[in-house]
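The following account leads the reader through a structure, moving from individual strands to sheets, helix pairs and the meeting of chains. It is best read with the sequence and the coordinates displayed side by side.

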Amino acid sequence: MKNKDSKFANIMKTDGMQSLISSLICIVLGLFLGYIVLLFINPTGAFKAITDVMKNFFYYKGSTIRLKYFGNTLVKTAPLLMCALSILFSYKVGLFNIGCSGQYTAGACTALYAALKWNWGWFPCLVLAIAMGALAGTLVGVLKSYCNVNEVISGIMLNWIILYGTNTILTNVKELASPYTLLVKKYSPQSILPSLGLGKLFSNNQYVTIAVPLSILIAVAVMIVLNKTKFGYELKATGFNKNAAKYCGMKEKRNMILSLLISGALAGLGAAFFYLTGYEQWECTTSTVPGMGFNGIAATFLGGLNPIGTIFSSFFIQHITIGGANVDKTMYCSQISDLISALIIYLCGFVLFLKTFMKNVIRKREVKRTGKYENFKQDGR
Amino acid sequence: MAEQYAIEMLNITKRFPGIIANDNITLQLRRGEIHALLGENGAGKSTLMSVLFGLYQPEEGEIKKDGKVVQIRDPNDANDLGIGMVHQHFKLVECFTVLDNIIMGVEPTKAGFLQKKEARQKVLALSEKYGLKVDPDALVEDITVGMQQRTEILKMLYRENEILIFDEPTAVLTPQEITELMQIMRNLKAEGKSILFISHKLAEIMAVADRCSVLRKGKYIGTVDTDKTSIEELSAMMVGRNVNFHVEKKPAEPGDVILEVDGMTVASKVHKNNAVKNVSLKVHAGEIVCIAGIDGNGQSEFVYGLSGLEPLVSGRILFKGEDVTKASIRQKSVMGFSHIPEDRHKHGLVLDYSLEDNLVLQTYFQPEYTNKFGFLRRDNIRKKADELIEKFDVRSGQGAVTSARSMSGGNQQKAIVARELDKDPELLIAVQPTRGLDVGAIEFIHKQIVAQRDAGKAVLLVSLELDEVLDVSDRILVMYEGEIVGQFDPKKTTQEELGLYMAGAKRMEVQA
C-alpha cells in the first residue's frame, strides 16, 4: 500500500505527467464553462451543442465524409502547429514571441505573391516565406538585444505594419470583383504543395498535402534540437538564467536573435503550409492579424511547452474550432461557435498556472516530508 | 512557578519522514536576557524558528508565553504574541524611505490618509531611547547596511514586539558596526526586551549573550551560562568534536605574475560614481591574494570587470603577460580563468537544469561533450558528473539528474567549486566561496583552495568574513569605496586593524 502510494507520487512528480494532467484539466474546465454559457443562452440545446463542438467531423454521417472533414482539420492543424512551435522555440529562451502572427502574415504575403505574381514552384515559395518570417523575427530579436525594446511591444507593432503591408502588396494579385486573392490552384497550380497521394487517404481531400507530415517532422526536429544539441542546451540555459548563461560565456544576445529568427522562420513556414494548399484565400481588406499566431500561444501552453505535446494540442484546438461551426444556428447566434472555442482556448492558457500550482503542492509536501526549509525559503516565504 | 520565562519552547519534536529535525528540544528565553542559539547548518535552528513562527506545527511539545500555553498557527499569531525577527537578508523596500519601511503594514491612518507625523515622532522617540541612529527620510538604497539593520530593529520595536530574534545579524557588518550592534542589544535588554540571538560566531556569543543553547543534528545539547564557559567548550558542543579553526597550510611560494590588473575602473549600476576606481594589483602563481572589505565597496564590480560580466571604463587586464582586456568571457575561461561567483543562484547555476548539466556549464562546448554535429554527448556528461559528484562529495536526492534547485545551498556551492576546479585553471577567482556553509563544508572548500595554491595556481579570493581572510590568504588587500586602501600580511595584522581600513578610517598607499 505504501509502496503504491510512493509510486503514484513519483509519477506525479514527472514533468510530463504534470503537463498532461493540467492540460486535460484545462480542457475539461473550458468545455464546462462553454456548456454553462450555452445553458444561459438556451438551455434546451446546450448539451447537443457542446457535443457537436467536440464531435467535429463525427458530426457527419458516413465514413467518407468524416474522413474528408478529418482531413480539413489536419490541413488547419499544420499551420497552427508551426505557429505553436514558433512560440515555443522563443519561449525556451525566455522570450514571448507575440509577433508570431506578424511573421505568419509575412510568410503568407510572400508565399502568395511569389505564387500568383511570379508563378514560382511550391518549393521556392516555401523558402521565400521562411526567409520573410525569419526576417521579421530577426528584426524583433535585434531590437530586443541591442536596443532593449521589449519583444512583446515591438512584436505587436510589427504585426500591424506587416498586416497592412501585406494587404497592400496582395491587392496586386486579388480577384477583380472581390477582396480575395486569386485562387492559387487555378492561376499557379505548380505552387500548390504536392499531395503525394495523401489526399486520397482522406476521401480525395485535395487540401491534404505534405504540409501535414512535414509539420509533424518539424515538431520532432524542434524537440531534438532543444533537448539533444549544444544549441538547445545554450538556448534553454539562456532562457532559464540569462545571467548564468552570460557568466559561462554563452553569447546570450546572439542566442536571443537566433531563436527569434528560427521562431519567425517556423511561423513563415506555417503560413506557406496553409496558403499553398489553396484551402483559403487572403482577404485583402482584412483589418485583423490572422488568429493563427495567437492560437499558437494557446496551443503551446496546452501542449505543456513540449514540441510533441504541441502536435496534439494544435490538433485539438483546430478540432474544436472547426467543430464550433456545427452548433445549431437556429438556437444560437452564429458567433456562438467562436465564443465556445475562444473560451476553451482561453482556459488553455491556464495550463502553466495549474502546473505551477500542482508543483507547489507537491513541493510543499516534499518540504514537510524532508524538512528542507531552504527550498521553502526560495519562494520568498 | 519558580521562574517566569518570556517564551518557552518545551520538548519540541518535529519529525519529517526520515529525519527528526527537532528532537525533544527545549528552549527557555528569560525575560530581559540575551539568549544565543548556536548550531551548525542543518542543526535544526531554522526548523525551531519556523515552529516558533507557526510555519510548522510540532508533533510533540508546547510553546508557552509568560507561562501560559499558546497556539501559534501562522506568522500572524507570532506577531500578535509580540515575536519579531530581523532576518539575515533584510526585508526592506529599497526605494522607500526608512520611515516608510518602519511603518509599512501598520501605518497609522485617519480616514484613509496616512498620519506620518505621528509615526515619525514615535520612530524618533524609539531611536532616541535605544540609541538606534537612523535618518528617517533617507531612502533605504542609499544608507549603509548597518543603518538598514537598525531600520529592521526599529520595525520590530515600532510593532512593540517583546521578543526579538536576530538571525545571524553580524554577517554583513564591519567589526566596528558589530560592536555598535552589541551595544544596541544590551540597551534593548536593559529595557526589558528578550533577545534570541542566532549565530555560529562564538566570540560574539561570548561577548553579548547571557546564556547559550546549543543544537547539534536536531538534538538539544545543552544550555550554558556564557560566563561559565569558553569558546572551546562551545565549539566542541556545537560540532561534537574539537575543531581546528586554522587552515593548515605551508608558507606560500609565489612564482610568476599570473594576473596583472592595471588601473581598472568599472562603472556602478546603482549610483553615478564609479564602483571601482583605478585599481591595480598583481596575483602570482602559488599565492592566495584576498580582497577584504565590507559588502558593497566595489569588490563585486571588480570581479565582474575582471571576468568580463561588466565592461570596463578604463584599465587593462594582463593574463600571463598577455593583454586580455578585450577578450570575451568564453576566451578567458578557455585560457584558464575559473570563477566561483558571489551569487550562486544568479550566476553560478542554472537552477532549472539538472546537476550534471550544471557541472558541464563551462565545458559543454568541448569536443568531449559535444560531437562535431552539435549533439551533446550525454554519456560523457554523465560520466564526468558522476566523477565530480564522487570526488567532491556533492550530495543530492537523485544523483546526476537531480534538479539543481532542489539541492541544499552547501551542495550547490560544492557543485560550483567542483566545476570550477575541475577545469584545472591557472587563475581561480573565488568570491565568498563559503557563504552560508557549515563548518564542515567550509573546511573542505578552504582545503581545496589551498590545494590549488600548492599546485602553483594563482588564487584571488574575495571575502567578507575576516576569519576566512586571515586564515586562508597569503596577502590581504583591503578595498574601500572602490579603491585598494591597504595591503597586509595576514600573519602580522589583526581583525581590528583590518576593520579600521575597511571602514575607511585609515588608508595607505599600495603599489601593485
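**Strand pairing, helix packing and the interface**

Within strand β21 of chain B, Leu477(B) is the bridge partner of Ile291(B). This pairing, like everything described below, belongs to a predicted model. The bridge is part of a longer register: strand β15(B), residues 287-292, and β21(B) pair in the parallel sense over 4 bridges. β21(B) itself spans residues 475-480 and is mostly covered, since 5 of its 6 residues are buried.

β21(B) also pairs with strand β22(B), residues 483-488; here the two strands run antiparallel and are joined by 5 bridges. One of the residues concerned is Ile476(B), whose bridge partner in β22(B) is Phe488(B). β21(B) and β22(B) form a hairpin with 2 residues between them. In the turn, Glu481(B) has a positive phi of about 45°. β21(B) thus takes part in a parallel pairing with β15(B) and in an antiparallel pairing with β22(B).

Chain B also holds an open sheet of 4 strands, in the order β14-β13-β16-β17, with antiparallel pairing. Its edge strands are β14(B), residues 274-284, and β17(B), residues 322-323, each of which pairs on one side only. β14(B) is joined to strand β13(B), residues 257-267, by 7 bridges in the antiparallel sense. In that pairing, Val257(B) has His284(B) of β14(B) as its bridge partner. Helix α9(B), residues 299-307, packs on this sheet and touches β13(B), β14(B) and β16(B), the last of these comprising residues 314-319. The direction of α9(B) makes about 115° with that of β13(B).

Helix-to-helix packing may be followed next, beginning in chain B. Helix α13(B), residues 378-392, packs against helix α14(B), residues 409-422, at an angle of about 110°, and their axes are 10 Å apart. The two helices α13(B) and α14(B) are therefore roughly perpendicular to each other. The crossing of α13(B) past α14(B) is right-handed. From α13(B), the residues Leu388(B), Lys391(B) and Phe392(B) meet Lys414(B), Val417(B), Ala418(B) and Asp422(B) of α14(B). By class, this contact contains 4 nonpolar and 3 charged residues, with no polar ones.

A helix pair in chain A offers a second case. Helix α10(A), residues 211-228, and helix α15(A), residues 307-323, have axes that come within 8 Å and cross at roughly 150°. At this angle, α10(A) is roughly antiparallel to α15(A). On the α10(A) side, the contact is made by Ile216(A), Ala219(A), Val222(A) and Met223(A), and on the α15(A) side by Pro307(A), Ile308(A), Thr310(A) and Ile311(A). These residues divide into 7 nonpolar and 1 polar, with no charged residues.

Finally, the two chains may be considered together. In the predicted model, 22 residues of chain A are in contact with 33 residues of chain B. Four helices of chain A give two or more residues each to the side that touches chain B: α11(A), residues 230-240; α12(A), residues 242-247; α17(A), residues 351-370; and α18(A), residues 373-378. Of these, α11(A) gives the most, with 5 residues. The side of chain A that touches chain B is made up of 8 nonpolar, 7 polar and 7 charged residues.

Methods:
Residues are numbered from 1 along each chain as its sequence is written. Chains are lettered from A and ligands numbered from 1 in the order in which they are written. This is a predicted model: local features need pLDDT of at least 70, side-chain atom pairs count only at pLDDT 80 or more; totals for chains, interfaces and linings use all residues. Two residues are in contact if their C-beta atoms, placed from the backbone, lie within 7 Å. Ala, Val, Leu, Ile, Met, Phe, Trp, Tyr, Cys and Pro count as nonpolar, Asp, Glu, Lys and Arg as charged, and the others, Gly among them, as polar. Axes are lines fitted to C-alpha atoms, for helices over the stretch in contact, and angles run from 0 to 180 degrees between N-to-C directions. Angles under 35 degrees count as roughly parallel, over 145 as roughly antiparallel, 65 to 115 as roughly perpendicular and the rest as oblique. A crossing is left-handed if the near helix is turned anticlockwise from the far one by less than a right angle, and right-handed if clockwise. A residue is buried if 20 or more other C-beta atoms lie within 10 Å of its own, exposed if 12 or fewer, and partly exposed in between; C-beta atoms are placed from the backbone. Two strands pair if DSSP finds at least two bridges between them.
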